[in-house]
Amino acid sequence: MAASKKVASKLENDIEKHRSECNWEKLKEVVAQKKTKTQGIEILSHLVSGECLLEEYLLKNPPTSINPADARTHLEAAKDHFNQVLKAGSKSAYYKDALLLLAKLHFALGETEETLKLLDKVKLEEIPQQDLPCTKLKLLAEGYAIRGMVMEKQLASQTEGTKDKITEDDVIAMFEKAGDLAMYYLQEADKIRYGSGGTITTYTTSGHPSSHLAGPVLETAVQRAPLLHIQHNNLDKGINRFRQILKAVEVRTTQNIRTTIARELAEVLLRAVCQQAYTPPTLENREEKPETSQRRLSLGGSLSSLRTSSSKGSLRPKMYTADSRPSHCPSELLFVPKSVDEEALLLLLLSEVQVNRDVVFNRTGEHTSGREHSYLHATAIYDLLAIALSRRAQYGLLSEAMDRTMKFSFQELHMWRQFGYSLMSAGKYTRALLVFQECVQLDPQNIDVLIAAAKICIQHLHKIEQGIRFAMQMVDLKPDNRFLLSRGYLLLGIGHGIQSSEASLHPDRQSHQKESLKYLKLASTHDPDDYQVHFHIALQLALSRQIPEALQSVHTSLMLNPDHGSSYHLLTLLLSAQKHYSEAMSTIHIACKEFPQDFGLQFTKVNIEEICKGPEEALMTCKMLLEKWKESQDSIIPSMEVTTVHDRDRVASEKRNVIQMGFSDRTDAGSVHNSVAASKVEQALSEVASSSSFLIKTGSPQVNRILGQIWLMTAELFLKVNKPEDAKNCVNEAVLTTPLSHRLLYVRGLIHEYQGNYIEARACYDGALAINPSHIKSLQNLGRLQMELENLEMAERVLRTAVNTDPTAHQAWLTLGKVLEAQGEYENASNCLMTGLELEATSPIVPFTTIPRVIS
């Protein structure tokens, strides 16, 4: 007899242990192998058998998505087991357990009336909560949670004549009780499951350990209370309830719930809270006086005081307080978020750590459900992280975070696409293109990806052929969205336009120009209200010297978007091409007033003032530009970090749009075909030289380039007012910022030529061309200098290179005509002079190529 009691006691302990661990597979084995058949063990076996059937079914089919007809079939056996326990009478130790489990079963079947009857029979409020075992704590918490769910349904359906009306506060109180008990239960279960340093138990079923312990009912209850506060327009109470849950001491069994709560709170903060209405979290001491609690309640800042009176009698989980910090960490060193973005970002970064730790990597079939669950959870967190970091323009951090998702995003298009966009925003164009190429392989018909890849190739990496292929692939899909189709044709038009500018043979140049205009007009047909399309049509027409047609298109662009700075810039150059300098001066003045940070407009204004008002007035503008640069260099480029890893991308993107902030390199304006290789050489040489200790290091190379540009422009103007020494001083200033620029060598050549030092001038022009062989002004001046030195053959060779590089360089044609005339080739000379005069009649103040081809 004593041996039988010992076996029964051991069996009860084993069953209790496995129930507290929610190890249903092991429970079924223990019940099936029981060797004693006492009445108490038989009742417990029925209870456990029914519980196993119910819990395993609910793990696969949460109550919110159950089909009652299907559930009734699967849960019939579980119901019979619970009824067997109830037959033992109310004196049985497992009677109330069976009632609670049966209420849970009826709730899963959608039978709310029967559920409430069973819960009323249990009398939840009368059950003593102290010293309850974990299994009973869980059942009690689930009882409150189920009652709250049923009450919520009744609240939605009750009418004005309904007796015993249910209030919103009643429902929230139930969920808060359930949530407090659930967190307390999980903390107690962690002690049993892991002890002081136990190992994590593994399961054969999918999912996470804490989700098994809590179950879908308790997980819903923990999340529901703060969401109901928010739905009922009590945003502060909802947020503080979220914070209260997160302040529960973290254990391994609560990690997944905490991650979910942190994500939901971050989403609420990002979507519904502005900085003006934000209340930071507060630090609470272990003991809080009643008057302090009441004062915090009036301020909306207390966490514990937000609990309703009906929930204050329930067990509360152990909470973090200011007193629970490490002894070596004073309270003033504890981090407390001061803004919405800080708190949201902190929550998301903590969630990211947990998600990366819990992600399922095993790709076998049995882990499919767990893998999909962890991926969807991670996707939600990283999408919110993208929103939070994008608000602060922290694209570098975002790209690093998205990079960490690649280890569990095999063939997941969404994560790859997000990663590509983050790299693109961070300026890491080479890697972004590789990512988008992978996206195209995953989904060849994804239009957004094709547009992004084409844009990177054409606008940033100067891979024109590849960009045209991506754009053509997108256009061939014929999307229903007219805007997207128009954007594809726009990219094709820009790509062919760039190829037209770079083509060395006249037939190729004409062919690409024709293709460019064809695609741009198709883009206009599909989206006639896109100002960018009309702008690029105008720019392409201007490059082909069709000035009246270009004026019509740029006027249309400005009508559609009066705030487009590049359209004002193009209008100014078109007016100057028609020699309407006063109108051009008025236009550029308005544009500079509207876009004071656009240095491209400012540089063009200097050129027009030089013609209209003289070089002295232009010098005053240059002085103003220097002051403006000093005042606004921090606002021109928000991030002053100098990155070396991705300089390759930036150099390539500077093909004809040096940087996308309104800066246009006036010095290269006459050079339509600056090669990427030449830009890389200049960039590399400048970086090597700028490493010397005597050079100014103001930060970004782009900022330095602007300052150097201003000094060199000022030097040219000083030469025109016969002040070569002042010009030299300006060049010396430019050396400190752009030490080995081809533009710098060109201006030095001008100074030497002004002083009659032709040999030194020729050496400077040769140096400029060594760095950038396509610099038109250096070619023109070198050709003219060779002619003056009577090196006619060399002059002809240099000038022919210039006109082949840029057929619209009228000064090169005129000088070539003079060289041919000196050689006795009068017919060819006449043709060259006539071509030069015709081009001069439509030549703008600075070439149209100063305006970058940028797509926003």
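I start with the surface: Phe 335, Leu 346 and Leu 350 make a nonpolar patch of about 300 Å². Patches here are built from residues with over 30% relative accessible area and no salt bridge, joining like charges within 9 Å and nonpolar side chains (Val, Leu, Ile, Met, Phe, Trp, Tyr) within 5 Å. Accessible areas come from the Shrake-Rupley method with a 1.4 Å probe, and for residues only the protein chains shown count as cover.

Before going on, the ground rules. This is a predicted model, in which local features need pLDDT of at least 70 and side-chain atom pairs count only at pLDDT 80 or more, while totals for chains, interfaces and linings use all residues. Residues are numbered from 1 along each chain as its sequence is written, and side-chain values use heavy atoms, with hydrogens and water left out.

Back to the patch. Phe 335 sits in the loop between α12 (290–299) and α13 (340–358). Phe 335 is exposed, at a relative accessible area of 54%. On that scale, buried means under 20% relative accessible area, exposed means over 50%, and partly exposed is in between (1.4 Å probe, protein chains only).

Now the chain overall. The protein chain has 37 helices and 0 strands. Both are DSSP runs numbered from the N terminus: helices are H or I with at least four residues, strands are E with at least two. Of the 856 residues, 54% count as buried. The accessible surface of the chain comes to about 38,800 Å², with 52% of that belonging to carbon and sulfur atoms. Taking contacts between residues at least 6 apart in sequence, 67% join residues at least 24 apart. A contact means heavy atoms within 4.5 Å.

Next, two helices. Helix α35 covers residues 792–805, and its 14 residues should span 20 Å at 1.5 Å a residue; the end C-alpha atoms are 20 Å apart, which agrees. The expected span is 1.5 Å times one less than the number of residues. Which residues of α35 are buried? They are Ala 795, Glu 796, Val 798, Leu 799, Ala 802, Val 803 and Thr 805. These buried residues pack against α34 (776–788) and α36 (810–822).

Helix α23 (residues 547–560) also has 14 residues, an expected span of 20 Å, and end C-alpha atoms 20 Å apart. Its buried residues are Ile 547, Ala 550, Leu 551, Ser 553, Val 554, Ser 557 and Leu 558. The cover over them includes α22 (531–543) and α24 (565–577).

One buried polar residue: Gln 602, in helix α26 (residues 599–612), has a relative accessible area of 3% and is buried. Leaving out residues up to four places away in sequence, Gln 602 touches Cys 592, Pro 596, Met 624, Leu 625 and Lys 628.

On to charge pairs. Side chains of opposite charge can pair when their charged atoms come close. How many salt bridges does the structure hold? There are 28, where a salt bridge is a side-chain nitrogen of Lys or Arg within 4 Å of a carboxyl oxygen of Asp or Glu.

Lys 28 and Glu 56 form one of them, at 3.1 Å, N to O. Lys 28 lies in helix α2 (residues 24–32) and Glu 56 in helix α3 (residues 39–60), so the pair ties together parts 28 residues apart in sequence. Lys 28 is partly exposed, at 34%.

Glu 343 and Arg 243 form another, at 2.8 Å, N to O. This pair links distant parts of the chain, with Glu 343 in helix α13 and Arg 243 in helix α10 (residues 235–246), 100 residues apart. Glu 343 is buried at 4% relative accessibility, and Arg 243 is buried at 6%.

A third pair takes us back to α35: Arg 800 and Glu 796 meet at 3.0 Å, N to O. Both lie in that helix, 4 residues apart, about one turn. Arg 800 is partly exposed at 35%, whereas Glu 796 is buried at 16%. Elsewhere, salt bridges that share partners join Arg 19, Glu 51, Asp 97 and Lys 136 into one network.

Last, backbone and cysteines. Ala 393, in the loop between α14 (368–391) and α15 (395–404), has a positive phi near 55 degrees without being glycine. His 462 also has a positive phi, about 55 degrees, and lies in the loop between α18 (447–460) and α19 (464–476). Ala 393 is partly exposed at 48%; His 462 is buried at 16%. A search of the whole structure finds 0 disulfides, a disulfide being a pair of cysteine sulfur atoms within 2.5 Å.
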